[in-house]
Amino acid sequence: MPVLTRDEAQTRARLIDVQRYTVDLDLTRGADTFDSRTVIRFTARAAGDTFVELKPADLRSVTLDGQPLDPTALDGNRLPLTGLTEGPHELVADTAMRYSHTGEGMHRFTDPTDGETYVYTQLFMEDVQRVFVAFDQPDLKALFDLTVTAPEGWTVLANSVTEHLGEGKWQAATTPLLSTYLVAVAAGPWHSVRTEHRGLPFGLHCRRSLAPHLDADAEEILDITRACFDRYHEKFTEPYPFDSYDQAFVPEFNAGAMENPGLVTFRDEFVYRSAVTDTERQTRAMVVAHEMAHMWFGDLVTLRWWDDIWLNESFAEYMGYQTLTEATRFTDTWVDFGVARKAWGYDADQRPSTHPVAPEAVEDTASALLNFDGISYAKGASALRQLVTWLGEKDFLAGINIHFQRHKFANATLADFIDSLASGASADRDVHAWADAWLRTTGVDTLTARITDTDSTWTLTVDQQGSRPHRIAVGLYDRDPADGRAFVLCERLDVDVPQTEPRTFHGPRPALIVPNDQDLTYAKIRLDPASEEAALRGLSGIPDPLTRALLWNTLRDMVRDGQLEPAAYLETAGAHLAEESDLALVQGVLTFAHTQVADRFSTPAERPAALTLLTTLCEDLLRRTEDGSNPGLRLTAVRHLIDAAQYADVIRGWYDSGTVPGGPELDPELRWRILGRMSVLGAVDEAVIEAELAHDPSATGQEGAARCHAALPDPQAKATAWDALFTTDPDRELSNYLFTATAQGFWQPEQSDLLRGYVPRYFTDATALAARRGPAIAEAAGRHAFPVHAIDTDTLRLGNQCLTEGTPTPALRRKLADQLDDLARALKVRGA
């Protein structure tokens with residue numbers, strides 16, 4: 001089907017203005033389709049031709065100004081509207097639409113726990129066309145009137161307050177002006193927790209089978225919601241622009257969450273069935289804060305075209321972390337950002353698929369969809385954090401509020417945003433030049449500390465590889481005289497890069513000199529040799545967790561760049577993680593150590609030793625937490641010990657007894673985690689997996705079983721899993737979540753000999769699958785079904801051949817290019 005181009009959108013926006021949609025959905029028509037009747041009232045500014053978009057199962061009828069149009073004129077997803085006269089028009093379409101099982105359009109899910117069914121919309125980018133007919137581009141905002149007919153016993157949620165009219169009929173209040181991709185419906189027998197704050201109805205909603213788990217955390221989630229809501233009203237002069245605030249935790253959701261005005265949808269893994277760490281609770285809180293920021297930036301003021309998606313995501317990412325830090329108990333959120341999210345940005349920005357934060361040419365929606373990555377989120381948020389450091393928070397917020405006032409309920413561009421910031425900034429700040437340097441360029445700068453010593457002085461120079469201006473802090477640390485293992489901060493210098501001249505100091509140099517202390521800019525950091533040695537030996541003795549996060553990221557980058565041996569990273573983790581007090585750092589370092597250092601950067605011969613070191617480290621953490629003083633750290637150690645197990649004896653004992661000695665008891669997450677690892681090791685059979693599924697028949701249990709079955713080191717199990725992933729039978733196609741779970745189980749580094757024959761098959765089968773099933777499954781196939789552990793030149797050759805000679809869809813092509821670049825990097829690191 002054709003995708004919308006920027007030129008087509010601009011032409012259509014010049015021709016028409018859309019006033020109102022009246023949408024009537026009937027969700028009682030069966031399990032495969034629902035009825036959708038839409039009336040669009042719009043005005044043509046001049047005589048001309050245009051088109052409207054829809055992807056129906058059946059276009060029953062369509063009229064324009066009362067005159068029937070030919071349904072067979074539908075070309076792909078476009079219905080031509082020819083011969084428009086200047087003035088008002090009314091389009092009426094009656095269609096049947098297909099439910100989705102891939103998280104696109106109107107997703108339908110039946111809960112295996114209790115048989116209850118739920119539906120919800122995800123209309124982002126161009127999936128509104130799967131639900132109702134629309135002029136589908138963000139700058140054609142309109143009012144929306146929505147009615148929904150649902151089965152008895154269901155509740156219907158929407159962007160605005162809904163009212164049950166009786167006999168399954170629900171009506172939502174008229175919305176303010178919205179872009180089509182932001183319209184939302186969620187319907188089903190929801191379990192709801194409702195309250196009111198500052199005169200507005202607030203609600204939390206989830207599947208009935210998750211009700212006890214939502215109830216257990218409802219007050220925590222609502223406290224975060226209220227705190228962020230109040231803090232945003234202190235920051236922003238424009239009040240919250242919608243009539244309610246519902247948060248629905250929905251099944252099989254592809255993203256973390258979606259900022260639908262008044263009805264934010266979250267993946268329902270955020271309703272925790274099992275024990276989680278405080279860092280995971282912080283992550284959930286950050287997503288709440290992120291999506292609420294979108295109510296202003298994205299929903300009140302919306303991008304004009306998809307090249308400015310960073311205006312939505314970077315702003316919400318920055319504001320979510322900053323506001324959570326200011327308004328809640330989670331005061332160290334930037335540590336988690338530094339060790340997890342920022343690394344995502346650095347990795348994306350060093351691949352061939354990198355792009356500017358604000359690209360100048362996004363020609364169509366297919367290209368735009370590829371830019372939802374670590375650059376638009378993490379790099380963009382890092383750039384905004386640096387902007388606030390350079391500009392000052394007062395001037396930054398002044399510019400933001402000017403922007404809201406100028407463009408509320410309308411659309412804006414990067415140029416509009418920069419003009420607003422410039423209006424709020426002091427005269428000595430050239431915001432336009434800053435934007436050109438930071439938002440229009442690609443790649444990661446590298447800042448290196450160079451120290452020159454004499455008998456009585458030492459000189460600091462921060463060398464720069466790259467061209468962006470940076471305002472950073474440089475931390476000067478010396479050994480604590482009271483504790484030789486610890487460091488104390490002597491001074492924190494403000495330094496502008498590029499430097500105009502070196503900084504000279506009298507006396508002996510400090511033991512550790514840290515550029516970008518406090519992690520205020522976006523750049524890779526390299527230490528001088530003495531500081532590098534001090535960091536490797538004394539990282540756990542540095543007092544500030546944000547500085548430790550920066551240094552762990554530096555070591556991570558050095559491993560990836562072939563400048564630090566993978567074994568040295570593991571040895572540093574073994575030396576310091578047992579003393580680490582920040583759980584986000586422990587989780588981030590262990591994850592990189594296992595999934596990248598052990599599984600990818602270590603050769604097959606080196607991997608057993610790497611896993612042994614990780615096992616020893618986790619056992620040490622377990623010993624240190626036997627007193628119950630740090631349950632989050634203990635849970636983290638248990639999880640990673642399970643994942644690193646090379647023999648099944650210990651974890652089998654845990655599984656059989658239902659507990660880890662000294663705690664914790666095994667909840668569903670840990671039981672499936674152990675069973676997954678035992679499946680990889682060949683220590684269980686299908687009967688054990690099915691018995692566990694009978695014990696936990698939930699959706700999560702279904703995914704766990706699929707993952708375990710696919711992980712078994714058995715030729716028949718692998719053949720069955722492969723057929724399930726790539727079947728061409730539409731009646732047997734896996735949902736998005738079951739596809740991901742099966743793919744995650746399939747490829748295992750311990751099973752390389754068994755799996756070798758599937759590597760060439762992947763590139764042909766994934767290409768066909770992506771073309772057949774669309775972007776969501778294409779992304780999952782590229783991310784989860786790629787043979788990441790087949791790190792050899794043959795895989796690289798086959799992948800490059802697929803890119804040059806094959807026909808992967810844009811979504812799959814982007815993922816393949818990224819995976820192949822990571823594979824080439826792993827080969828180089830192994831060679832180094």
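Two strands count as paired if DSSP finds at least two bridges between them. Strands (E, at least two residues) and helices (H or I, at least four) are DSSP runs, numbered from the N terminus. What you have here is a predicted model, where local features need pLDDT of at least 70, side-chain atom pairs count only at pLDDT 80 or more, and totals for chains, interfaces and linings use all residues. Residues are numbered from 1 along each chain as its sequence is written, and side-chain values use heavy atoms, with hydrogens and water left out.

**Around strand β13**

Let's start with β13, which covers residues 169-172. On one side of the story is strand β10 (residues 143-149), which pairs with β13 in the antiparallel sense over four bridges. There, Val148 sits opposite Trp170 of β13. Strand β12 (residues 162-166) also runs antiparallel to β13, again joined by four bridges, and Glu163 has Gln171 in β13 as its bridge partner. The hairpin of β12 and β13 has two residues between the strands, and Glu167 takes a positive phi near 55° in it.

Which side chains of β13 are buried? Buried means under 20% relative accessible area, exposed means over 50%, and partly exposed is in between (1.4 Å probe, protein chains only). Trp170 and Ala172 point to one face and are buried, while Lys169 and Gln171 point to the other and are not.

**Salt bridges**

Side chains of opposite charge can pair when their charged atoms come close. A salt bridge here is a side-chain nitrogen of Lys or Arg within 4 Å of a carboxyl oxygen of Asp or Glu. Searching the whole structure turns up 66 of them. Three examples:

| Acidic residue | Basic residue | N to O distance |
|---|---|---|
| Glu116 | Arg208 | 3.3 Å |
| Glu750 | Arg607 | 3.0 Å |
| Asp723 | Arg732 | 2.3 Å |

Take Glu116 and Arg208, which meet in a salt bridge. Glu116 is in the loop between β8 (105-110) and β9 (117-122), and Arg208 is in the loop between β16 (200-206) and α2 (211-235), so this pair ties together parts that are 92 residues apart in sequence. Glu116 is partly exposed at 25% relative accessibility, and Arg208 is too, at 41%.

Next up is the salt bridge of Glu750 with Arg607. It links distant parts of the chain, 143 residues apart: Glu750 is in the loop between α22 (736-746) and α23 (752-755), and Arg607 is in helix α15 (residues 607-624). Glu750 is partly exposed at 32%, whereas Arg607 is buried at 11%.

As for Asp723 and Arg732, which also form a salt bridge, Asp723 is partly exposed at 36% and Arg732 is partly exposed at 41%. Elsewhere, salt bridges that share partners join Arg231, Glu234, Lys235, Glu326 and Glu393 into one network.
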